[in-house]
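Visitor: I'm new to reading protein structures. Could you walk me through one and tell me where the labels come from?

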Amino acid sequence: MNTQPIGIFDSGIGGTSIWKEIHNLLPNEDTIYLADSANAPYGPKGRENILALSIKNTEYLLKKGCKLIVVACNTATTNAIDYLRHTYPVPFIGIEPAIKPAALQTKHHAVGILATKGTLSSALFSKTSGEFASHVNVIEQVGEGLVELIESGKVQSEDMRNLLKGYLKPMIDAHIDHLVLGCTHYPYLIPLLTELLPKHVKIIDSGEAVARQTKAILNQHGLINKATTNGKHHFFTNGNPDIMKSLLNSTSTVEFLDF
């Protein structure tokens, strides 16, 4: 099984930020990436719909022979990963906002979190925040509209800039020194966020930690690909392939998949 691909799915193209970190750390691994852009964002859809979409994505990747699946979506992780782990025979890696390191590192005792409604209202986020951030002023902001703009290829648009200005103002007013990105789409906003935030604010996302966890679980299960050649990568989307390709900055082909 160790030569089979790693499967990665997200509600859209945002999880390619996770794919890049996994590829950087594990360049010899083959990967299959599935973007359910036609249903993005997952945040407002409710748990039953999110679970159904996550099952559909998982079963597609399993049919492709994936040895491990990364749920590269905070909302899908919080709503579906327990079910997926109990139902399917491969290991699953989930994503959750990095509220723990932000809470441990803050000097101003104030951190911001930008995430989807589905993530911020989840039991998992509530548990993590209660355990590690009870002593910290956490300014939560639902990033309504951000995923849609990213999926439309409008990362640098004036609409994006105006949305972010409004979302960041309460955080800046509260003197945050860390901003947690609670959606895998949002790392693509880091250049704009860096421009809009005070210079001392540290931006935290989960990409590197997810890549390290993926490597650890592959090792634990004896699934590391020991090939010395670079891995092969296949990208599928039910959205616009050109927008995904522009984010990947690679020669990889992106196929449209009607699913």
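Guide: What follows is a chat about the strands, helices and a few odd spots in this model, which is predicted.

Visitor: What makes β1 and β2 a pair?

Guide: Two strands count as a pair if there are at least two bridges between them. Strand β1 (residues 6–10) and strand β2 (residues 31–35) have 5 bridges, in the parallel sense, so they pass that cut-off. You can spot I6 bridging to T31 in β2, while G7 stands opposite I32.

Visitor: And what does β2 do on its other side?

Guide: β2 pairs with β9, again parallel and over 5 bridges. There, A35 has T237 of β9 as its bridge partner.

Visitor: Which order do the strands of the open sheet follow?

Guide: Read across, the 6 strands go β4-β3-β1-β2-β9-β10, with parallel pairing. 

Visitor: Why are β4 and β10 called edge strands?

Guide: Each of them, β4 (92–93) and β10 (254–256), pairs on one side only.

Visitor: How do you know that β2 is enclosed?

Guide: Buried means under 20% relative accessible area. In β2, 5 of the 5 residues are buried, so the strand is largely enclosed by the rest of the structure. T31, Y33 and A35 point one way, I32 and L34 point the other way, and all are buried. That fits a simple pattern: side chains in a regular strand alternate between the two faces of the sheet.

Visitor: Which helix belongs to the β-α-β unit with β1 and β2?

Guide: That's α1 (residues 16–25), and the unit is right-handed. Helix α2 (residues 47–63) lies across β1, β2, β3, β4 and β9, running at about 155° to β1. Helix α10 (residues 207–220) lies across β1, β3 and β4, at about 160° to β3.

Visitor: What makes H109 and H175 worth a stop?

Guide: H109 has phi near 55°, a positive value in a residue other than glycine. H175 has phi near 65°, also positive in a non-glycine residue. H109 sits in the loop between α4 and β5, and H175 in the loop between α8 and β7.

Visitor: Why is H175 called exposed, and what is H109 called?

Guide: Exposed means over 50%, and partly exposed covers the range between that and the 20% limit for buried. H175 comes out at 54%, so it counts as exposed. H109 has 44%, so it is partly exposed.

Visitor: Where is the cis peptide bond?

Guide: Look from A40 to P41: that bond is cis, with omega near -5°. P41 lies in the loop between β2 and α2.

Definitions and conventions:
Residues are numbered from 1 along each chain as its sequence is written. This is a predicted model: local features need pLDDT of at least 70, side-chain atom pairs count only at pLDDT 80 or more; totals for chains, interfaces and linings use all residues. Side-chain values use heavy atoms; hydrogens and water are left out. Helices (H or I, at least four residues) and strands (E, at least two) are DSSP runs, numbered from the N terminus. Contact means heavy atoms within 4.5 Å. Axes are lines fitted to C-alpha atoms, for helices over the stretch in contact, and angles run from 0 to 180 degrees between N-to-C directions. Buried means under 20% relative accessible area, exposed over 50%, partly exposed in between (1.4 Å probe, protein chains only). A crossover is right-handed if, with the strands pointing away from the viewer, the path from the first strand over the helix to the second runs clockwise.
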